[in-house]
Amino acid sequence: MTRFFAEGEAILMVCDAEGVPLRFTWRGKDHTVQVVAVRWQVDEGWFQARVWREYFKVATEGHTLILLFHDLLGDRWYLQRVYD
Amino acid sequence: MNPSPEYVELHCHSHFSLLDGASSPETLIKRAAELRMPALALTDHDAVYGAVRFHQAAQKYGIRPIFGSELTLHDHTHLTLLVENATGWANLCELISLARHNAPKGQARLPDGALEGHTEGLIGLSGCAQGGISKVLRRGDWQTARAVAGHYREVFGREQFWIELQHHQHPGDDALVYKLVKLAEQIGVGYVATQNVHYAHREESALTDVLTCIRQGLKLDAAARVLRPNSEYYLKSGTEMLQGFREYPAALQNTLRIAERCQFIPCYGLQELPNFPIPAGFDPVAYLRHLCLEALPHRLPQPPSKTSAVLEYELAVIARSGLSNYFLIVWDMVRYAREQGIRCQGRGSAANSLVAYLLGISPVNPIAHDLVFERFLSDERRATPDIDIDFQADRREEVIQYVFERYGTDHAAMASTLVTFRERLARREVGKILGLPEAVIEGKDLHSSLPASPLHKTYERLCQAIQGIPRHLGIHNGGMILTGTPLTSRLPTEPATMPDRVVVQWDKESLEDAGLVKIDLLGLRMLSAVSEAAHEVGLTDLETIPPDDPEVYELIARADTVGVFQVESRAQAQVLPLLQPTQFEDLVVSISLIRPGPVQGNMVHPYLRRRLKLEPVHYFHPLLEPALRETLGVILFQEQVLKVARDLGGFTPGQGELLRRALGSKSPSEAVAGFEAAFLEGAAKKGAPLEVAAKVFTALKAFGGYSFPKSHAAAFAVLVYQSAWLKRYHPAAFYTALLNHQPMGFWSPAVLVNDARRHGICVLNVDMNHSQGVCTLEGDAIRLGLGYVSQVSERHLKLILAARADRPFTDLGDFCRRVKLPMRITENLILAGAFDGLGASRRDLLWELGSPRAQSDELAFIFPTDPVNLTAFSRSECLRGEYATLGLSTGEHPMALYREKLAALGILGSQGLGQSKSGSIARVGGQVVMHQAPPTAKGHHFVTLEDEDGMMNLIFRPQVYARFHEMVRKSPLLVVEGEVQKRGAVVNLLARRVWRLG
Ligand SMILES: [Zn+2]
Ligand SMILES: [Zn+2]
């Protein structure tokens, strides 16, 4: 079953030099990114409240598929979806 | 860290991709330079509007420009085209033209199959996400994608066609790029990365969203599906591009290989003009000479001795410049117009040329007026001279039509203009898509909470940012382009809004800068009026009127110039009585004096004082005497700027020209700054003291760019004299013609009518049984035309005149039954007094109009006239109706109604003011007929009052105006107290108090 967090759950992220996720901590547990399946950016809604994010769909070493995003305005990371 | 990979952007839209791209070509080039790109392509949608500006900016920044376009094909898919060489450019122009003419205005669609045979010299890239290949590949239709790609490979050739890869950080981009690379490998063509740039910097992406919404007529919050989902469409460096193409380094390297192959720069010249057909036995040089010699006895019956030397010299320079053919083409237009009885005359520097005079292009004999040919054309400066011709406005279209017929629509087109967002339009359109209330957009709702809100800040920011961005293409007012080879191989053309009219994709500036010859066919209403008046009095040739009639100069010298071309304004009326013109040269000076340059440069009063011998002629420096002798030491004509720069600053003619342009630019102080040091240095070398040189330069700066060249003023002075002559000897015909060609000139028709009456001419009101559509002469009197009544259209006039042709109208009922006009039109006619001749009062007629009798088709006797007995309108009620419907009154002047009362109070009219002593305090009353606050007047307001006898000039100092501005702006009739100021025959009242009258 998929778990979805509309606002995103704040996470602690370690990236490589080019901003690609390596490891992150969610709810006190560490996860290592095994592979980035796909990444994309959105930048919209500037006339109301701008949303500028880079999304990463990653597989962790624990074989979980997770959707993360990097809030490029505040430079913070969030977890948005866990595909079980 | 790896060095940044080299990259050239090959797919880039400027704001000339109308309502799509956000950045100017200059901004894009500047950004490319910052990113150290060696080259940059411009690929606007179906257009090369920005090509010339792009080229100029590229030169400035040392970047190689690549020209191209993203073409819309028959199935709405896109294809990117880049120009390799001249053949490619011709093909691109052809393709864009085909696509534009195959779709409604503002759109494009290349006809199916049109690409074949038009690809030589072009490199084709497979296009954006809307490209024919990407589109099907995204659906997973590999078969079709392969077929389409194979087709392009055949059409362009294997070396000329490339698969275009784009990556904008969308979810499917990795996969699409992968498939496209595989496809390229399979069909054996190269692939190349592009960015499909729509703005130079990420921050401008909001602006493209705004433009998209304006284009689509959508509000921003309802436009999500048409807006780009992110802000990745900006101009990127090689390093930034790497993120999308890390696995395909060739994609970036290939951008340089392709860029290297595109080496074309468009440039044109006189050779582009069509060859004017010439009789056997002549070449253009000989034929031009032949025409001049043929015209000589007629144009110069007593040629001065140096005539033939001047003529031969001019012909030789013209021949060496390759301009003979150009002159013949212009001559032919003028010849055609004359044959059709269409008045015309050249303006601008052509008047310096004897050849232009002999050919009838210019109305001024340059020998008689000391005009110097080199200012038009010289061996040193072989730029194509500008020949602009004014035609009588009402018939200019016939000449344009002739040119289209003579050279064919394949060889003739109009220049375009790009209509840009200005402040008002920006506020309205941006406000609309942000969903702001009307009151905020119109700036009326200043007290709402909005100004502080973030939305309002966004609004203000966007309104600023959008200004100057082109919105749509318009047609230039009269600028024509002619080419010998079909136009579409030189420049793309597209349909204009006017049916059957075609415009080229470049505006006036671009055409000039690229060297394409443009001929301006302008419309001038005064030529129409002069033509009509001359025709009315049986004069076929105004050129034969006596050239130095003292009575004409007397009329001008007493500033009796209402209606006369160029010298009728309030400011002119202040100068003419002091200047006392007695000859043609004086007219040239007079119209040149009242220009922003001489006015701002404080040249007017020194000139007048010197002319009146109130002060000695004085030169800034003896070196300037040759340049400024003819204007008594002041700078008056545009070309004197060049002479001053040369004689004192040691500038070359080229530098002088650059300085003159800088002086005329929008921010002169900035543009001129660079010249000041050079000028001071040059003057020092010539031994001029620093403070003198600095003073002269300050004078040049104040003078600015807004002044006439002497030749231009001379050409206009011809029309000044002709119109003054008509006013002096045929005033009734002259006023009638003026009334028929409004709007024009400085004064309203009401003032013209009052001026006519002050000259003893009877002006008859509109009359249902006597007026024509236009104003006409009725014996010695002027009869107003029915067309003067507001809201009466051409169609209404036809109905009225057709019914009247059967028999005259007997009463209002008769009129209403025979001419079915909307009620409000008939009402206007009644209020104007058009039915006064039928016996009933205007109030009775209005009553009757509302009764069933007037509205019925039945015979009159069925409805007996209502037995009402209404009091007729008072004189002032009548006046109000006349002003409302005619804008004027042929009855007594409104001030006549107050004359007795005012006299009893000691309030003067224009005659009394004329007799007052200078320095005395007077009160005057009159009707406001003009209100000016020119930017040169530093806050002063000039108001002209009129009464039965003439006009009165009021001057309001800024503080006085501030106190009384409400009243001055809103009351039609005023009483003003002030100090009388007299200078010769010029009288002004320096206002200090104001009262409302009536
Ligand atoms: Zn496209
Ligand atoms: Zn594009």
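Me: What is the relative accessible area of B:Glu551, and how is that value read?

Reply: B:Glu551 has a relative accessible area of 34% and is partly exposed, given that buried means under 20%, exposed over 50% and partly exposed in between, with a 1.4 Å probe and protein chains only. This is a predicted model, in which local features need pLDDT of at least 70, side-chain atom pairs count only at pLDDT 80 or more, and totals for chains, interfaces and linings use all residues. Residues are numbered from 1 along each chain as its sequence is written, chains are lettered from A and ligands numbered from 1 in the order in which they are written, and side-chain values use heavy atoms, with hydrogens and water left out.

Me: Which side chain does B:Glu551 meet in a salt bridge?

Reply: Side chains of opposite charge can pair when their charged atoms come close. The rule for a salt bridge asks for a side-chain nitrogen of Lys or Arg within 4 Å of a carboxyl oxygen of Asp or Glu. Here the side chain of B:Glu551 meets that of B:Arg728, at 2.3 Å from N to O. B:Glu551 belongs to helix H20 (residues 550–557) and B:Arg728 to helix H30 (residues 710–729), both of chain B, so the pair ties together parts that are 177 residues apart in sequence. Helices (H or I, at least four residues) and strands (E, at least two) are DSSP runs, numbered from the N terminus. B:Arg728 also counts as partly exposed, at 28% relative accessibility.

Me: How many salt bridges does a search of the whole structure find, and which residue does B:Glu397 pair with?

Reply: The search finds 56 over all chains. B:Glu397 pairs with B:Arg501, their closest N and O atoms being 2.8 Å apart. Since B:Glu397 lies in helix H14 (residues 396–407) of chain B and B:Arg501 in the loop between strand S11 (493–495) and strand S12 (502–507) of chain B, this pair ties together parts that are 104 residues apart in sequence. B:Glu397 is partly exposed, with a relative accessible area of 32%, whereas B:Arg501 is buried, with a value of 7%. Another pair joins B:Arg629 to B:Glu625, with the closest N and O atoms 3.6 Å apart; here B:Arg629 is partly exposed at 48% relative accessibility, and B:Glu625 is partly exposed at 31%. A network of salt bridges links B:Arg558, B:Asp560, B:Lys727, B:Asp755, B:Arg758 and B:Glu946.

Me: Which residues are the protein donors of the zinc ion (ligand 2)?

Reply: A donor is an N, O or S atom within 2.8 Å of the metal (3.2 Å for Na, K and Ca), and sites may look incomplete because water is not among the atoms. For the zinc ion (ligand 2), the protein donors are B:His11 (NE2), B:His13 (NE2), B:Glu70 (OE) and B:Asn196 (OD1), lying 2.0 to 2.2 Å from the metal. Along the chain these donors follow the spacing H-x1-H-x56-E-x125-N. B:His11 comes from the segment before helix H1 (25–34) of chain B and B:Glu70 from strand S2 (residues 64–72) of chain B, so this pair ties together parts that are 59 residues apart in sequence. Both B:His11 and B:Glu70 are buried.

Me: Which residue bridges the zinc ion (ligand 1) and the zinc ion (ligand 2)?

Reply: B:Glu70 bridges the two ions, which lie 3.4 Å apart. The zinc ion (ligand 1) is coordinated by B:Glu70 (OE), B:His78 (ND1) and B:Cys128 (SG), at 1.9 to 2.3 Å, and the spacing of these donor residues in sequence is E-x7-H-x49-C. B:His78, like B:Glu70, is buried.

Me: How many residues of chain B are in contact with chain A?

Reply: Taking contact as heavy atoms within 4.5 Å, 20 residues of chain B are in contact with 14 residues of chain A. Buried area is the accessible area (1.4 Å probe) that two parts lose on being put together, summed over both. Between chain B and chain A this area is about 1,300 Å², of which carbon and sulfur atoms give 53%. In chain B, B:Gln169, B:Pro171 and B:Pro229 lose the most area to chain A, together 27% of what that side buries. The rule finds 1 salt bridge across this interface. A:Glu18 forms a salt bridge with B:Arg246, with the closest N and O atoms 2.9 Å apart. Helix H7 (205–216) and helix H17 (454–466) of chain B each supply at least two residues of the side that touches chain A.
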